Amino acid sequence: ATPTAVMVGTGVGASQGVLIKGGQALESAHKVNCIVFDKTGTLTIGKPVVVNTRLLKNMVLREFYELIAAAEVNSEHPLAKAIVENAKKFREDEENPAWPEAKDFESITGHGVKAIVRNKEIIVGNKSLMVERNIAVPKDAEEILAEAEGLAQTGILIAIDGKMAGVLSISDPLKPGAKEVISILKSMKIRSIMVTGDNLGTANSIANEVGIETVIAEAKPDQKAEKVKDLQDNSGYIVAMVGDGINDSPALVAADVGMAIGAGTDIAIEAADIVLMKSNLEDVITAIHLSRKTFTRIR
Ligand code: ADP
Ligand code: MG
């Protein structure tokens with residue numbers, strides 16, 4: 001393609017809300033034959049809500065939520081925001097919930113949070129966090145977790161002073177059109193893969209809903225990037241990565257084409273080659289079409 005054609009292609013992209021940071025990104029996009037999608041905030045809306053609360057201890061819900069909100073209010077994680085939002089329903093003044101003080105707050109990346117609230121040790125997070133801290137996960141908790149995962153929800157465990165006290169089910173629905181995008185990509189002979197920090201059960205349920213066959217779950221940020229490299233080096237794919245989070249940025253950099261969701265974090269947007277300003281998944285296809293138009297003679 002001539003420099004003029006590249007300039008035109010980039011311009012058309014910009015007018016459609018697809019920000020392409022340079023000719024190389026526009027060129028690479030038409031060769032992509034495998035796309036790695038992050039789950040939370042990329043395939044899903046990314047605004048999770050608590051849909052179910054199960055107490056496993058004899059205590060009032062108001063007190064239960066007060067303790068976990070006091071811990072989670074210190075976390076930036078979308079799941080933490082969902083939990084705090086739900087906890088407000090149990091306050092007299094939802095605008096000024098005035099949570100009790102949390103001491104020794106600790107954020108365990110990819111697992112959850114810990115804090116001391118009212119002299120009680122509060123741990124909120126996934127099963128591996130409980131296992132790591134030697135907290136027994138009883139059978140009824142396991143059953144609620146399995147039920148949540150089957151419904152494509154994320155199950156979050158709460159331990160108070162080392163004993164399982166409750167389970168929350170949190171739902172983050174698929175973005176509208178996500179399923180269609182995956183199916184169109186398939187017809188374009190482009191393979192779709194999902195990577196996520198979430199557990200395998202939930203990840204599989206979401207993948208199943210959206211029509212993705214290959215799932216990598218419980219992936220740390222560097223493992224997401226390693227997966228991209230593995231697809232490039234060992235399977236010979238030209239890989240695009242689509243993500244929104246800080247935890248996606250190493251993979252966005254490793255990919256042949258990194259695409260960031262416009263509503264995502266600044267760090268992801270900076271790491272990407274292409275920014276989908278409207279945060280629409282359809283624009284993954286817009287970008288590839290634009291590249292094909294610019295770099296192949298007839299399509
Ligand atoms: P994702 O790719 O789903 O955003 P993360 O690596 O951020 O994954 O988190 C992985 C898992 O760790 C979450 O699905 C959740 O089970 C748990 N987790 C992380 N942060 C928190 C938190 N603040 N509160 C409760 N659970 C958390
Ligand atoms: Mg995400």
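In this predicted model, strand S11 (residues 239-243) and strand S12 run parallel and are joined by 4 bridges. Within that pairing, Val 242 sits opposite Met 259 of S12. To get from S11 to S12 the chain passes through helix H11 (residues 249-254), and the resulting β-α-β crossover is right-handed. On to the next pairing: S12 and strand S13 (residues 274-276) are also parallel, this time over 3 bridges. Here Ala 260 has Val 275 of S13 as its bridge partner. The link from S12 to S13 goes by way of helix H12 (residues 266-271), in another β-α-β crossover that is right-handed.

How much of S12 itself is buried? For strand S12 (residues 257-261), the count is 5 of the 5 residues, so the strand is largely enclosed by the rest of the structure. The cover extends to both faces, with Val 257, Met 259 and Ile 261 buried on one side and Gly 258 and Ala 260 buried on the other.

The loop between S11 and H11 holds Asp 248. This residue counts as buried because it has 33 C-beta neighbours inside 10 Å, where 20 or more are enough. Leaving aside residues up to four places away in sequence, Asp 248 touches Asp 38, Lys 224, Met 241, Gly 243 and Ala 268. Thr 265 is 17 residues from Asp 248 in sequence, and their C-alpha atoms are 9.8 Å apart in space.

Zooming out, the protein chain splits into domain 1 (3-45 + 174-295) and domain 2 (49-171). Their centres, taken over C-alpha atoms, are separated by 32 Å. Each side of the contact is made up of 10 residues, with 10 from domain 1 and 10 from domain 2. On the domain 1 side, helix H9 (residues 200-210) gives the largest share, at 5 residues. That side has 6 polar, 3 charged and 1 nonpolar residues.

Then there is ligand 1. Where does it lie relative to the two domains? Domain 1 and domain 2 both contribute residues to the shell around ligand 1, so it lies between them. There are 20 residues around the ligand, and His 77, Ala 80, Gly 110, Asn 126 and Gly 197 come nearest. At least two shell residues apiece come from helix H3 (39-43), H5, S5, strand S6 (120-125) and S7. By class, the shell breaks down into 12 polar, 5 nonpolar and 3 charged residues.

Ala 80, one of the residues nearest the ligand, is also among the buried residues of helix H5 (residues 78-88). The others on that list are Leu 79, Ala 82, Ile 83, Val 84 and Ala 87. Covering them are, among other parts, strand S3 (49-55), helix H4 (61-72), strand S5 (112-117), strand S7 (154-160) and strand S8 (163-171).

Finally, a couple of backbone oddities. Lys 189 has a positive phi, near 65°, despite not being a glycine. Lys 189 is found in the loop between helix H8 (178-187) and strand S9 (191-195), and counts as exposed because it has 7 C-beta neighbours inside 10 Å. Glu 218 is another residue other than glycine with a positive phi, near 50°. Its loop runs between strand S10 (214-216) and helix H10 (221-233). Buried, exposed or partly exposed: which applies to Glu 218? With 16 C-beta neighbours inside 10 Å, Glu 218 counts as partly exposed.

Definitions and conventions
Residues are numbered from 1 along each chain as its sequence is written. Chains are lettered from A and ligands numbered from 1 in the order in which they are written. This is a predicted model: local features need pLDDT of at least 70, side-chain atom pairs count only at pLDDT 80 or more; totals for chains, interfaces and linings use all residues. A residue is buried if 20 or more other C-beta atoms lie within 10 Å of its own, exposed if 12 or fewer, and partly exposed in between; C-beta atoms are placed from the backbone. Two residues are in contact if their C-beta atoms, placed from the backbone, lie within 7 Å. Domain bounds come from an automatic or database domain assignment. Ala, Val, Leu, Ile, Met, Phe, Trp, Tyr, Cys and Pro count as nonpolar, Asp, Glu, Lys and Arg as charged, and the others, Gly among them, as polar. Two strands pair if DSSP finds at least two bridges between them. A crossover is right-handed if, with the strands pointing away from the viewer, the path from the first strand over the helix to the second runs clockwise. A residue is near a molecule or strand if its C-beta atom, placed from the backbone, lies within 6 Å of it.
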